[in-house]
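Open the structure in your viewer and get ready to select residues. We will go stop by stop.

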Amino acid sequence: MTQETAIQDQIQGNHCFGCGPDNDQGLHIKSYWTEKDQTRCEFFPSAHHNAGPAQYLNGGIMATVIDCHTVCTAIADGYLQSGRAVGSGDRIWYATGNLDIKYLAPARIDTPLILEATITERSPRKTVLHCNLSSDGRLCAKAEVIAVRVPGDW
Ligand SMILES: CCCCCCCCCCCC(=O)SCCNC(=O)CCNC(=O)[C@H](O)C(C)(C)COP(=O)(O)OP(=O)(O)OC[C@H]1O[C@@H](n2cnc3c(N)ncnc32)[C@H](O)[C@@H]1OP(=O)(O)O
């Protein structure tokens, strides 16, 4: 399963710092389906996203991009499970209920991150996802995320 339009560009009214097209100062990550229940995101860090040592990426930025990539995946999946095009009709929104990250290796600031998310469980109120974050061919972080459905006016 592939698509040319990023999930974030199909969701309306999103001002999120990590993934909102409507946030001028945000990170503007873009996520795409690759297979059934799997999405991918490539993110290019900026120099000011560093961890202190200028060559490594800040862990909070890593958490943000994992959070946004997985929650946007849950939102898109919510539409698909309802038989609707992503972003059509009443809003389907999810928020982060739990974000459990293991930092395995430093990620370089001058190298793109690859995020790969897999939906491992879904029910009407929540979606569980696994996400790997890699940089320069090395697994730098892995996470388990629980996205919980919230009202469209949340
Ligand atoms: C929106 C922008 C869109 C547009 C933007 C798109 C992407 C944005 C990406 C970034 C997202 C964020 O940063 S969001 C910001 C950070 N997150 C937050 O501020 C959330 C604050 N917490 C809350 O509002 C609430 O606690 C919720 C929504 C998480 C849960 O509400 P609730 O009313 O208590 O849920 P409840 O019915 O009890 O539970 C439903 C199911 O979820 C499970 N569950 C509930 N809370 C948790 C939890 N913390 N950890 C694990 N699991 C949980 C329950 O066991 C249950 O499972 P079962 O019995 O059904 O199995």
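This tour visits the sheet, a hairpin, the helix, the core and the ligand.

Before you start, note that this is a predicted model.

**Stop 1: the sheet.** Show the strands. Six of them form an open sheet. Read across it in the order S1-S2-S4-S5-S6-S3. The pairing is antiparallel. In general, strands of a sheet pair through backbone hydrogen bonds, either parallel or antiparallel. Now colour S1 (31-35) and S3, which stand at the edges. Each has a single partner strand, so one side of each is left without a neighbour in the sheet. Look along the sheet to see the twist, which averages 25 degrees from one strand to the next.

**Stop 2: the hairpin.** Select S1 and S2 together. They form a hairpin with two residues between them. In the turn, pick Asp37, which has a positive phi of about 70 degrees. The two strands pair in the antiparallel sense over four bridges. Which residue of S2 is the bridge partner of Glu35? Click on Gln38: that is the partner.

**Stop 3: the helix.** Next select H1, residues 59-81. H1 packs on the sheet and touches S1, S2, S3, S4, S5 and S6. Compare directions: that of H1 makes about 140 degrees with that of S3.

**Stop 4: the core.** In soluble globular proteins, nonpolar side chains tend to be buried together. Here the largest nonpolar core has 36 residues. Select Val65, Ile66, Ile75 and Leu115, the residues with the most contacts inside this core. Two or more core residues come from each of H1, S2 (38-43), S3 (93-103), S4 (113-122), S5 (126-135) and S6 (138-150). Which element gives the largest share? H1 does, with ten residues. Zoom in on Ile75. Leaving aside residues up to four places away in sequence, Ile75 touches Ile11, Ile92, Trp93 and Tyr94.

**Stop 5: the ligand.** Finally, select the ligand and the 20 residues around it. Val71, Ala95, Gly97, Asn98 and Arg125 come nearest. H1, S3 and S6 each supply at least two residues of this shell. How many residues of the shell are nonpolar, polar and charged? Colour them by type: twelve are nonpolar, five polar and three charged.

Conventions:
Residues are numbered from 1 along each chain as its sequence is written. This is a predicted model: local features need pLDDT of at least 70, side-chain atom pairs count only at pLDDT 80 or more; totals for chains, interfaces and linings use all residues. A nonpolar core is a set of buried Ala, Val, Leu, Ile, Met, Phe, Trp, Tyr and Cys residues joined through C-beta atoms within 7 Å. A residue is buried if 20 or more other C-beta atoms lie within 10 Å of its own, exposed if 12 or fewer, and partly exposed in between; C-beta atoms are placed from the backbone. Two residues are in contact if their C-beta atoms, placed from the backbone, lie within 7 Å. Two strands pair if DSSP finds at least two bridges between them. Axes are lines fitted to C-alpha atoms, for helices over the stretch in contact, and angles run from 0 to 180 degrees between N-to-C directions. A residue is near a molecule or strand if its C-beta atom, placed from the backbone, lies within 6 Å of it. Ala, Val, Leu, Ile, Met, Phe, Trp, Tyr, Cys and Pro count as nonpolar, Asp, Glu, Lys and Arg as charged, and the others, Gly among them, as polar.
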